[in-house]
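Visitor: I am new to this structure and would like to be led through it with some care. Could we look at it together, one topic at a time?

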Amino acid sequence: MNDAHVLERYKAWLLLERGLSANTREAYAADASRLCAWLSERGTVAADADVSQLREFIVFLHELGISPRSQSRVISGVKSFYRFMRLEHIIDDNPSLLLEAPRIGRRLPEVLTVAEVDAMLAAIDYTRAHAQRNRAIIEVLFSCGLRVSELVGLEISRLNLDLGYLTVTGKGSKERMVPVSPSAVAELTDWMCERRSYPVKPGHEGYVFVNRSGRALTRTMVFYIVRDLAEAAGIRKTISPHTLRHSFATALLEGGANLRAIQQMLGHESIATTEIYLHLDNTRLREEILRCHPRSM
């Protein structure tokens, strides 16, 4: 069976059987396609590849300069592809079971202080269009800790500003209710009033955040909004929408929230994912002690 046919079946399987998000499906399909293209150049197909060839593929990624973290993600995609082929009886044995992911050092996320978030809000130019929308975006990302995909997919029907919460659909199509701070409620309320004057395109009426042409915002657009506001505020850190999610979690931890509560707020499936913020808090505590302790001076 040729790889093109197998890949089409794999994409359908990811959609119908796994229930994965669109972003995860696209990443897994891209990983499988990349592997198939590499094997094709060497005169073979995925179903005939052995573990030594799969390891050579990972070495190839390393030589391209792809980071261990990205290599690990590709390996997950390759294993998913071979799991599918084994379940569909395209192969008898799964060679990807012997693949090992590279060691990944724990990388602490960049975070913003409350003062830095306030500086970003202050940097918004109210003489330009979308000022109130952008203010609401920053407040919601920081006050609710949403993923950028959750923000751009947020629907008006999921807002309950009177009771101060919203409902989002996160990874794995799992829904969760997220409290909304009074400041975020105020900014969203002002934005929803302004939004009524926007010429929204058919099919995009339900989205909270839209662009000047009346279409739902994309993740890329939100990235540029956050990055540009950080630059305007004089922040030199590497900033993305996810930085505000990290900052939300860190602020909760510093304020006394327990990890289980933060896990629920962020929609993490595993508490181990949330524990990175505990490590981050300990790191910042160490830095503060070293800065203030008399033996460190």
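Visitor: Which residues lie nearest the centre of the second largest pocket?

Guide: Please keep in mind that this is a predicted model. The second largest pocket holds about 450 Å³ of space, and its lining is made up of 17 residues. Those nearest its centre are Arg 128, Ala 129, Asn 134, Ile 225 and Asp 228.

Visitor: Which element gives the most residues to the lining of the second largest pocket?

Guide: Two elements, H6 and H9, each give two or more residues to the lining of this pocket. The one that gives the most, with 6 residues, is H9.

Visitor: How many helices and strands are there in the protein chain?

Guide: The protein chain has 297 residues, and buried residues make up 42% of them. Among its contacts with a separation of 6 or more, 59% are between residues 24 or more positions apart. As for its elements, the chain has 12 helices and 3 strands.

Visitor: Which residues of the largest nonpolar core touch the most other members?

Guide: In soluble globular proteins, nonpolar side chains tend to be buried together. In this model the largest nonpolar core has 48 residues. The members that touch the most others are Leu 166, Leu 188, Phe 209 and Val 222.

Visitor: And which element gives the largest share of this core?

Guide: Several elements give two or more residues to the core, including strand S2 (165-169), helix H8 (182-195) and helix H9 (219-232). Helix H6 (131-144) is also one of them. The largest share is 8 residues, and the element it comes from is H6.

Visitor: Which residues is Leu 188 in contact with, leaving aside its neighbours within four places in sequence?

Guide: Leu 188 is one of the core residues that touch the most other members, and with its sequence neighbours within four places left aside, there is still a list of contacts to give. These partners are Ala 136, Val 140, Leu 159, Leu 161, Val 180, Val 208 and Phe 209.

Visitor: How many residues make up the second, separate core?

Guide: This second core is separate from the one we have just discussed, and among its members are Leu 35, Phe 57, Ile 66 and Ile 75. Its number of residues is 29.

Visitor: How far apart are the C-alpha atoms of Ile 58 and Leu 35?

Guide: Ile 58 is found in helix H3, and its relative accessible area of 12% is under 20%, so Ile 58 is buried. Not counting neighbours within four places in sequence, Ile 58 is in contact with Gln 71, Ile 75 and Leu 99. Although Ile 58 and Leu 35 are 23 residues apart along the chain, their C-alpha atoms are separated by 9.4 Å.

Visitor: Why does Thr 167 count as buried?

Guide: Thr 167 lies in strand S2, where, beyond residues up to four places away in sequence, Thr 167 touches Leu 154, Arg 158, Glu 175, Arg 176 and Met 177. A residue counts as buried when its relative accessible area is under 20%. Thr 167 meets this condition because its relative accessibility is 14%.

Visitor: Are the rings of Tyr 10 and Trp 13 stacked or edge-to-face?

Guide: The structure holds 11 aromatic pairs. In the pair formed by Tyr 10 and Trp 13, the ring centres are 6.0 Å apart and the planes lie at 25 degrees. Planes under 30 degrees apart count as stacked, so this pair is stacked.

Visitor: In which helix do Tyr 10 and Trp 13 both lie?

Guide: Tyr 10 is buried at 0% relative accessibility, and Trp 13 is also buried, at 10%. They are 3 residues apart, about one turn of the helix, and the helix in question is H1 (residues 3-18).

Visitor: What is the length of the polar contact between the side chains of Asn 211 and Ser 213?

Guide: Asn 211 lies in the loop between H8 and H9 and is buried, with a relative accessible area of 11%. Leaving out residues up to four places away in sequence, the residues that Asn 211 touches include His 130, Arg 133 and Tyr 198. The polar contact that joins its side chain to that of Ser 213 is 2.8 Å.

Definitions and conventions. Residues are numbered from 1 along each chain as its sequence is written. This is a predicted model: local features need pLDDT of at least 70, side-chain atom pairs count only at pLDDT 80 or more; totals for chains, interfaces and linings use all residues. Side-chain values use heavy atoms; hydrogens and water are left out. A nonpolar core is a set of buried Ala, Val, Leu, Ile, Met, Phe, Trp, Tyr and Cys residues joined through side-chain atoms within 4.5 Å. Buried means under 20% relative accessible area, exposed over 50%, partly exposed in between (1.4 Å probe, protein chains only). Helices (H or I, at least four residues) and strands (E, at least two) are DSSP runs, numbered from the N terminus. Contact means heavy atoms within 4.5 Å. Rings of Phe, Tyr and Trp (its six-membered ring) pair if their centres lie within 6.5 Å; planes under 30 degrees apart count as stacked, over 60 as edge-to-face and the rest as tilted. A polar contact is a pair of N or O atoms within 3.5 Å; within protein, one must be able to donate a hydrogen and the other to accept it, and residues adjacent in sequence count only if both atoms are side-chain atoms. On a 1 Å grid over the protein atoms alone, a cavity is a set of points where a 1.4 Å probe fits but cannot get out, and a pocket is an open set with protein on both sides within 12 Å along at least five of seven lines; lining residues have an atom within 4 Å of a point. Grid points are joined across faces, edges and corners, and a volume is the space filled by probe spheres set on the points.
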